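Here are some short exercises to work through with the structure open beside you. Try each task before you read its solution.

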Amino acid sequence: MNDAKNILSRSPQVIIKNVDKVFSSGDKEVIALKEINLTIYSGEFVVILGPSGCGKSTLLNAIAGFSLPTSGKVYANGEEVALPGPDRGMVFQEYALFPWMTVAENIAFGLEIKKLPKQTIREKVDTLLTKLQLLEFRDRFPKDLSGGMKQRVAIARVLALDPPMMLMDEPFGALDALTRRTMQDELLRIWLEFKKTIIFVTHGIEESIYLADRVVVMTYRPGTIKQIVPVELYRPRDVSSPQFISLQKELTSLVMEEQMRFRNEEMREPGRDVSEREENEQVT
Amino acid sequence: MKNRPSFLTKLLYAILLPVFLLALWETLARQGIISPHILPAPSRVFFRWIDYARPHEPYDAGKTNFIAWFFSGELPHDALASSMRVLGGFAIGAIPALVLGLLMGASTFIYRLFNPLIQILRPIPPIAYIPLAILWFGLGNPPAFFLISLGAFFPVLMNTISGVRHVDRLLIRAARNLGANGHTLFLRIILPAAMPYILTGLRVGVGVAFIVVIVAEMIAVNSGLGYRILEAREFLWSDKIIAGMITIGLLGLTIDTAMSRINHHLLRWHSGHE
Ligand SMILES: Nc1ncnc2c1ncn2[C@@H]1O[C@H](COP(=O)(O)OP(=O)(O)OP(=O)(O)O)[C@@H](O)[C@H]1O
Ligand SMILES: [Mg+2]
């Protein structure tokens, strides 16, 4: 648990300053992010929570350097973000494993890019395979793994480069409930052991309370920060404890307000779909 | 649960119709109902095929080794000549197509530069180049290689372009996030990700090359399977024509099976495979 003094004594890992992001497709403009200001401290576990389409991924992509803000600045690890880089390891909901590489090769990829000696790479990969219980899958291809296993590989692949922080975009969104809980526990264990800063995007309210030091609730269109809710419960957290449940109620009502706006907007402009988004996405 | 047919039952079904047709054909030919010049009996074709394939010198251990002797017949020479042409022409056509395809897929500028020209040239069947090929290169192997390489070029090119263009953006993001860029990104991510398309292109390309080699041999050269069946026609050897056709079919099947095996191995990571 983090008390206030603890947070203050830590150094900022990510600073987001007056960030706006506008997508324009044809004559329509979507303000995905508006006046976002947020500082995330080293070692913190921050969850970004909000309904679908509120700009969570956009915010995470701005930190990752995949798609830069229209205005404002993002600083990560003391530098202004301009490009993607291995100091901000990203874990995607769709795993994004390289299907032609085995589990071990996927984990080794970033290390090979860094041109580390073969022996070092092998040792690091073996350590990670052991720590994430992947040893027996080392020579499998991703297509032969379950969702949970794939996400372990994706996490190991990022951890191999030992980045100070991990960015996770709904990483457990495609998993069944039981696997999801296992992976959440696993992630908390990794967080403690490897001492990473984690920025975790989800629309799961329970998940956010289970994991976060602070939950950042976002508004829908324009995407702003609605409220930051600290979660001061000891881990492992008991989802049936009264404190947990009252937090859950509080966050649910916050998110529902935005969810209702989402519904209303959808009704007013039907026919928007994913393909439209893809076309406008800049290639980074 | 329904009983799955056993292997033997399936085999029986598979050969039923061919065997019946062969028997019918044999009977009709033997009864003299069809002239043997038009359609010789299958048994005659078979013996002709053996004659075409077998060595004609008696085996002499002092002169040659056994393998060389065994393949000294006309058919192995023809098949080898055709295969070498396919291989050579395919390499001449496919390698530039692969390089150009990768460049066109990766760079919008190069794509815009080359695409109009390619769209104009692509619909011209390689066979339509025969007169030009002979004018430019005369007779013999050069026009054959030219035509075959043309046949292989476009399938490989088009598939390589779409392969590169269809690379999952997410994988590129993930790779860049892990520190890859420039030629590492290209060689280690884009190329393997495009591989299913590229291999399809190569397989189609070999298939076209094989069609074109037969045509080219009928017109421009005097060896190979295509030449042989045309030569047999001049002597009205319909049995040899059919024997040659069967050989062409078998060779085509062999090439395609080999390509498919290679693809299967290279794409063992692909979710389309079991
Ligand atoms: N490339 C794009 N072009 C146009 N609009 C976009 C683009 N990317 C995102 N948007 C819009 O910006 C808004 C925020 O999108 P974003 O993907 O960040 O939402 P999200 O909170 O991650 O949603 P989800 O939970 O569905 O992943 C959405 O309204 C979306 O339609
Ligand atoms: Mg998202």
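Two residues are in contact if their C-beta atoms, placed from the backbone, lie within 7 Å. Keep in mind that this is a predicted model.

**Exercise 1. Contacts within chain B**

Work out what share of the contacts in chain B between residues at least 6 apart in sequence join residues at least 24 apart.

Solution. Start with the contacts in chain B whose partners are at least 6 apart in sequence. Then pick out those that join residues at least 24 apart: they make up 69%.

**Exercise 2. The build of chain B**

Describe the helices and strands of chain B, then decide whether chain B is spread out or compact.

Solution. Begin with the elements: chain B has eleven helices and zero strands. Read from the N terminus, the order is therefore simply α-α-α-α-α-α-α-α-α-α-α. Next comes the overall spread. The globule rule gives 19 Å for 274 residues, but the radius of gyration of chain B is 24 Å, well over that value, so chain B is more spread out than a compact globule. Along its principal axes, the C-alpha trace spans about 75 × 65 × 45 Å. Finally, look at burial: 32% of the 274 residues in chain B are buried.

**Exercise 3. Where the chains meet**

Find how many residues of each chain are in contact with the other, and which element of chain A gives the most to its side.

Solution. Count first: 21 residues of chain A are in contact with 15 residues of chain B. On the chain A side, the elements giving two or more residues are β6 (88-91) and α3 (103-113). Of the elements, α3(A) gives the most, with three residues. Last, sort the residues on this side of chain A by character: 14 are nonpolar, three polar and four charged.

How values were computed
Residues are numbered from 1 along each chain as its sequence is written. Chains are lettered from A and ligands numbered from 1 in the order in which they are written. This is a predicted model: local features need pLDDT of at least 70, side-chain atom pairs count only at pLDDT 80 or more; totals for chains, interfaces and linings use all residues. Helices (H or I, at least four residues) and strands (E, at least two) are DSSP runs, numbered from the N terminus. Ala, Val, Leu, Ile, Met, Phe, Trp, Tyr, Cys and Pro count as nonpolar, Asp, Glu, Lys and Arg as charged, and the others, Gly among them, as polar. The radius of gyration is taken over C-alpha atoms; the globule rule is 2.2 Å times the number of residues to the power 0.38. A residue is buried if 20 or more other C-beta atoms lie within 10 Å of its own, exposed if 12 or fewer, and partly exposed in between; C-beta atoms are placed from the backbone.
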